[in-house]
Amino acid sequence: MYRRASARLLRSYGRRLSSSTPRPVIVVHGGAWAIPEPLTDASVAGCEAAAQAGWEVLQRGGSALDAVEAATRVLEDDPAFDAGNGAVLNEVGEVELDAIVMDGVDLSCGAVAAIGPVANPVSVARMVMERTPHCLLVGEGATRFAEQQGVPLLRSVDLVTAEAQQQWREMAAFPTSVKQLFNTHPLAASDTVGAVALDASGNLASATSTGGITFKRVGRVGDSPIVGAGCYADNDLGAVSCTGHGESIMRLTLARHALWLMHGRSPGEACAEALRQMHARVGGCGGTISIAPSGEVGVAFSTPRMAWACVRGDGDARSGIDRSASLAEAEEEGGEGESIVEVVRLDRA
Ligand code: ASP
């Protein structure tokens, strides 16, 4: 059903949407980094399954918020990604998770940061949004809140994969600072997950979830659960979910910045420009998925790969991962701007 790595979408689709009843769209990502060859199939398949789960919610008339939560839970449950099951380990070998949801209807948001092991931190983030007067709970407070809400607390070992343990052992043997590892280094592993959706009522939502980066300091929080940095949704502006070097994304408030750049640009172009500016100003790499209020979709990344998948109004499903394939297809399109995939050429930044 999925057409992989196709660049033939769909500015025209966005234009159709803008003049009629909104038609649902969901886009998900599974992290922007140099995804190694053996992981590519699992990464794309995981994104496709998540987009499908979110799409089914939208098809049943569910809200964009329900759809991004459903899609993100599928990604969290998939050990191919650094979120929930499969999360990376901090410097003391423990899992600390970050997640956020945002509702574009009224700018409600809820987030957890450095929360202890729970299967689906995105759902705890939603509980923060809906059951507390707060936007962000961290550390022990977040973990205690989850427990109070009846969320089963796990042990780190319940979420840890052999790959995460191996990465941790490598980092423990050759410790490298976050800055050295990520700042200009597109090869660093960063398989954070996220989703953006537009529902049939024209409402937008976004979500992002991550285990962060391997061997991070205890208590380190990246961009992912920070509103405006790793995630943003506003019915009037669009929805964005980010992945990449958290310390750079936070400094540029990448999600909000990309939405600001959307005036006069397609979502993909705006996100690509935001990534270019991030690299020029602070040196980090990453990726974004986005939806404009019109339903127009954008996928952009400055890393060698980013796994993504999209299902739109008529059930048309697209997915991809490869920078070179995306670039080649975009060039084949003759520069007519028909692609939703914007590959960011940092050498031109
Ligand atoms: N942005 C995440 C962080 O810095 C990492 C990622 O996107 O994979 O925690």
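In what sense do β8 and β9 pair, and over how many bridges? The two strands pair in the antiparallel sense, and 4 bridges join them. This report, which describes a predicted model, starts from that pair of strands and then moves to the sheet around it, to several individual residues, and to the nonpolar core.

**The sheet and its hairpin**

Between β8 and β9 there are 3 residues, and the two strands form a hairpin. Within this pairing, Tyr232 has Val240 of β9 as its bridge partner. Both strands belong to an open sheet of 5 strands, whose order is β8-β9-β10-β11-β14 and whose pairing is mixed. The edges of the sheet are taken by β8 (231–234) and β14 (341–343), and because each of them has a single partner strand, one side of each is left without a neighbour in the sheet. From one strand to the next, the twist averages 10 degrees.

Further along the order, strand β10 (residues 286–291) pairs with strand β11 (residues 297–301), again in the antiparallel sense, and 5 bridges are found between them. One of the bridge partners can be named here, since Gly287 is matched with Phe301 in β11. Helix α11 (residues 267–282) packs on the sheet, where it touches β9 (238–244), β10, β11 and β14, and the direction of the helix makes about 25 degrees with that of β11.

**Residues at and beside the sheet**

Leu275 is a residue of helix α11, and it is buried, with 33 other C-beta atoms within 10 Å. Leaving out residues up to four places away in sequence, Leu275 touches Gly286, Thr288, Ala300, Ser302 and Val344.

Cys242 lies in strand β9 and is likewise buried, because 37 other C-beta atoms lie within 10 Å of its own. When its neighbours within four places in sequence are left aside, the contacts of Cys242 include Thr208, Asp223, Gly230, Cys231, Ile249 and Leu254, and also Gly286 and Thr288.

Gly246 belongs to helix α9 (residues 246–252), and it counts as buried because it has 30 C-beta neighbours inside 10 Å. Not counting residues up to four places away in sequence, Gly246 touches Gly222, Asp223 and Ser224.

For each of these three residues, the table gives a partner together with the separation along the chain and in space.

| Residue | Partner | Separation along the chain | C-alpha to C-alpha distance |
|---|---|---|---|
| Gly246 | Gly222 | 24 residues | 4.5 Å |
| Leu275 | Cys285 | 10 residues | 7.1 Å |
| Cys242 | Ser224 | 18 residues | 7.2 Å |

**The nonpolar core and a helix pair**

Which residues touch the most other members of the largest nonpolar core? Of the 105 residues in that core, they are Ile26, Val27, Val28, Val68, Ala71, Val101 and Ala197. Helix α2 (residues 37–59) gives the most to this core, contributing 9 residues. The surroundings of Val101 can be described further: apart from its neighbours within four places in sequence, Val101 is in contact with residues including Leu65, Val68, Glu69, Cys109, Val122, Ala125, Arg126, Met129, Ala205 and Ala207.

Helix α3 (residues 64–77) and helix α4 (residues 121–131) have axes that come within 8 Å and cross at roughly 145 degrees. In this contact, Glu69, Thr72, Arg73 and Glu76 of α3 meet Pro121, Val122, Ser123 and Arg126 of α4. Sorted by class, the contact of α3 with α4 has 2 nonpolar, 2 polar and 4 charged residues.

**Two residues with positive phi**

Most residues other than glycine have a negative phi. Leu107, although it is not a glycine, has a positive phi of about 65 degrees, and the residue is found in the loop between β3 (97–103) and β4 (108–115). Ala114, which is not a glycine either, has a positive phi of about 50 degrees, and its place is in strand β4.

Is each of these two residues buried or partly exposed? Leu107 is partly exposed, with 14 other C-beta atoms within 10 Å, whereas Ala114 is buried, with 24 other C-beta atoms within 10 Å. The cut-off behind this reading is that a residue is buried if 20 or more other C-beta atoms lie within 10 Å of its own.

Technical notes
Residues numbered from 1 in each chain as written. Predicted model: local features only at pLDDT ≥ 70, side-chain atom pairs only at ≥ 80, totals over all residues. Buried ≥ 20, exposed ≤ 12 C-beta atoms within 10 Å, placed from the backbone. Contact = placed C-beta atoms within 7 Å. Pairing = 2+ DSSP bridges. Axes fitted to C-alpha atoms, helices over the stretch in contact; angles between N-to-C directions. Core = buried A, V, L, I, M, F, W, Y, C linked by C-beta atoms within 7 Å. Nonpolar A, V, L, I, M, F, W, Y, C, P; charged D, E, K, R; others polar.
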